[in-house]
Amino acid sequence: MPLLLLDLDNTLLDRVGPFRAWGEDFLRQVGAPAEDIQWLLDVDADGLTDRWDVADALRDRYGLRASSVDLVEELHDGVVAHSRLDPMVACALKITGEAGWVPVVVSNGATRQQEAKIRKTGLDRYLADWVISEEAGVSKPNPRIFAIGAQRARMRLAGAWMIGDSPEADIGGASELGLRSVWLHRGRRWIEQRYAPTYTADGTIAALAAVLGG
Ligand SMILES: [Mg+2]
């Protein structure tokens with residue numbers, strides 16, 4: 001039985017759409033102009049910016065009285081509330097599981113938020129297990145977090161595949177361990193010279209198909 005490691009944000013679950021939906025609601029509530037959404041998306045940087053820095057940027061720009069703790073919580077809960085599992089992705093995961101693959105999510109992020117997304121969307125029904133960087137104490141691309149993911153499913157890393165959209169965290173991490181990988185390009189070109197994915201795909205379903213056929 002082969003192990004299949006999967007990234008969460010913008011791989012199994014869309015994050016851009018939920019963050020934008022939350023952001024538009026939030027800006028309306030604080031009376032900010034709708035076009036500020038572009039500023040907020042830039043600050044968020046696809047989720048790479050530390051949440052505390054995003055909260056501070058919001059407080060400064062709009063003179064908010066809310067505490068940073070509350071804003072960070074709202075940032076987390078807002079994305080969770082808008083997250084949906086694409087039924088076609090669920091179907092493809094089910095087929096992958098039935099074909100004998102053991103799917104385990106390896107995600108960088110806050111444990112409470114990432115677990116809430118996994119459970120509330122129903123994604124947990126299609127996974128053997130998951131590991132989140134905050135609780136693991138180590139983040140992708142560090143090989144240790146991939147090893148923890150394998151351990152949770154009582155699997156060996158040898159022969160595993162990794163699917164993800166981050167060149168460094170997902171593909172770089174897999175490459176360091178000698179794992180095969182599929183990169184979701186999301187309209188970007190591959191520019192990293194030191195390593196490369198086994199396959200490039202234009203979406204999660206195509207990526208799963210590549211692994212099944214691979
Ligand atoms: Mg991602």
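Me: Helices here are DSSP runs of H or I with at least four residues, and strands are runs of E with at least two, numbered from the N terminus. With that settled, where is the place of R186?

Reply: In this predicted model, R186 lies in the loop that links β5 (180-184) to β6 (199-201).

Me: Why does R186 count as exposed?

Reply: R186 has 12 C-beta neighbours inside 10 Å. The label is given at 12 or fewer, so R186, with its 12, counts as exposed. The backbone of R186 deserves a look too: its phi is near 45°, which is positive although the residue is not glycine.

Me: What makes D46 partly exposed?

Reply: Around D46 there are 14 other C-beta atoms within 10 Å. Exposed stops at 12 and buried starts at 20, so a count of 14 falls in between and D46 is partly exposed. D46 sits in the loop between α2 (36-44) and α3 (51-62), and its phi, near 60°, is again positive in a residue other than glycine.

Me: Which peptide bond is cis, with omega near 10°?

Reply: That is the bond leading from K140 to P141. You will find P141 in the loop between α7 (133-136) and α8 (143-152).

Me: On to the helices. Why are α4 and α6 called roughly parallel?

Reply: The axes of α4 (residues 68-82) and α6 (residues 111-120) cross at roughly 15° and come within 9 Å. Angles under 35 degrees count as roughly parallel, so the pair α4 and α6 earns that name. The crossing itself is right-handed.

Me: Which residues of α4 meet α6?

Reply: From α4 come H76, V79 and V80, and they meet R112, Q113, A116, K117 and K120 of α6. This contact divides into 3 nonpolar, 2 polar and 3 charged residues.

Me: How do you know that α3 is roughly perpendicular to α4?

Reply: The axes of α3 and α4 cross at roughly 115°, coming within 9 Å. The range for roughly perpendicular runs from 65 to 115 degrees, and the value sits at its upper end, so α3 is roughly perpendicular to α4. The crossing of α3 and α4 is right-handed.

Me: Which residues does α3 bring to α4?

Reply: On the α3 side they are R51, W52, V54, A55, D56, L58 and R59, facing S68, L71, V72 and L75 in α4. By type, the contact of α3 with α4 has 7 nonpolar, 1 polar and 3 charged residues.

Me: Now the sheet. In what order do the 6 strands come?

Reply: The order is β3-β2-β1-β4-β5-β6, in an open sheet with parallel pairing.

Me: What makes β3 and β6 edge strands?

Reply: Each of them, β3 (129-132) and β6, pairs on one side only. On average, neighbouring strands in the sheet are turned by 20° against each other, ignoring direction.

Me: How do you know that β4 and β5 pair?

Reply: DSSP must find at least two bridges for a pair. Strand β4 (residues 161-164) and β5 have 4, in the parallel sense, so they pass the cut-off. In one of these bridges, W161 is partnered by R180 in β5.

Me: Which strands does helix α10 touch?

Reply: Helix α10 (residues 204-213) packs on the sheet and touches β1 (3-6), β4, β5 and β6. The direction of α10 makes about 160° with that of β5.

Technical notes. Residues numbered from 1 in each chain as written. Predicted model: local features only at pLDDT ≥ 70, side-chain atom pairs only at ≥ 80, totals over all residues. Axes fitted to C-alpha atoms, helices over the stretch in contact; angles between N-to-C directions. Parallel < 35°, antiparallel > 145°, perpendicular 65-115°, else oblique. Left-handed = near helix turned anticlockwise from the far one by under 90°. Contact = placed C-beta atoms within 7 Å. Nonpolar A, V, L, I, M, F, W, Y, C, P; charged D, E, K, R; others polar.
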